Amino acid sequence: KKIIFRNLGWDGDTVWAESRGIFDPPAVGYKRMIEHVGRLKPTVIFVGYGNNEAFAGKAGLPAFIKQYNTLLDDLTRVSAKGARFVLVSPMLHESIGPNFHKVKTINAKTEVYATAVKEIASRSDCRYLDLLSLQKRWYEVDANLTYNGLHLDQEGYHKLTHLLRAGLRY
């Protein structure tokens, strides 16, 4: 089979494409992303949002859920017919780095958003990849996956491939 992978992710992006709005308003970045996906016509799409949005806590959850569903609708509209979606949970923050004392609070919010993504996946008949639970299991046997509490280091990316393989059987 001819398999092509494309990563359209942007660091710090949200379901509103706020990071993509660095040169334009977020709505323009969002439109550009949807158009790009439309040109590619993917058959399998991994969607991973929630880490940044989780900082808003429960108050931001309804808007996140609404926009996540809008994003899925827009991606479905422009993708190949019958495209499959894998919704990826946000990941936990690690207790390292300058703000380690805030990790417990941040991770509690992240878990709320991960649950919301899982519910969206269930209602949308999408595959759900629970990195958060896989990550917790990994920490039972090994140390950190990041270099600063949030961003994966080289070993973290290597370990992530095993987490993905363990959690995803397509």
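Which element gives the largest share of the lining of the largest pocket? Here is a set of close-ups of this predicted model, beginning with that pocket.

**View 1. The largest pocket and its lining, with strand S1 as the leading contributor.** The answer to the opening question is S1, which brings five residues to the lining. The pocket itself has a volume of about 2,200 Å³. Its lining counts 48 residues, and those closest to the pocket centre are Asn7, Leu8, Gly9, Phe46 and Gly48. If you want to find your way around by secondary structure, look for H1, S1, H2, S2 and helix H5 (154-167), each of which supplies at least two lining residues. Sorted by class, the lining holds 28 nonpolar, 11 polar and nine charged residues.

**View 2. The largest nonpolar core, centred on the residues that touch the most other members.** Of the 29 residues in this core, Val47, Tyr68, Leu71 and Leu87 are the ones to pick out, as they touch the most other members. Helix H1 (26-40), strand S1 (44-48), helix H2 (61-78), strand S2 (84-88) and helix H3 (103-124) each contribute at least two residues. Among the contributors, H2 gives the most, with seven residues.

**View 3. Val47 and its contacts.** Leaving aside residues up to four places away in sequence, Val47 touches Tyr68, Leu71, Leu72 and Leu75, and also Phe85, Val86, Leu87 and Val88. Apart from the largest core lies another core, made of nine residues, including Met91, Leu129, Leu134 and Leu152.

**View 4. Ala17, in the segment before H1.** Is Ala17 buried or exposed? Ala17 counts as buried because its relative accessibility is 0%. Not counting residues up to four places away in sequence, Ala17 touches Pro26, Gly29 and Tyr30. For a sense of scale, pick Lys58 as a second landmark: Ala17 and Lys58 are 41 residues apart along the chain, and their C-alpha atoms are separated by 20 Å.

**View 5. Confidence across the protein, from H5 to H2.** The mean pLDDT of the protein is 87, and 90% of its residues reach 70 or more. Where is confidence lowest, and where is it highest? The lowest value belongs to H5, at a mean of 77, and the highest to H2, at 97. A friendly reminder for reading any of these views: where pLDDT is low, the predicted coordinates should not be read in detail. When you return to the pocket in View 1, keep in mind that H5 is one of the elements supplying at least two residues of its lining.

Note on methods:
Residues numbered from 1 in each chain as written. Predicted model: local features only at pLDDT ≥ 70, side-chain atom pairs only at ≥ 80, totals over all residues. Heavy atoms only, no water. Core = buried A, V, L, I, M, F, W, Y, C linked by side-chain atoms within 4.5 Å. Buried < 20%, exposed > 50% of the residue type's maximum accessible area, 1.4 Å probe, protein only. Helix = DSSP H or I, 4+ residues; strand = E, 2+ residues; numbered from the N terminus. Contact = heavy atoms within 4.5 Å. 1 Å grid on protein atoms, 1.4 Å probe; cavity = no way out; pocket = protein on both sides within 12 Å on 5 of 7 lines; lining within 4 Å. Points joined across faces, edges and corners; volume = space filled by probe spheres on them. Nonpolar A, V, L, I, M, F, W, Y, C, P; charged D, E, K, R; others polar. pLDDT = per-residue confidence, 0-100.
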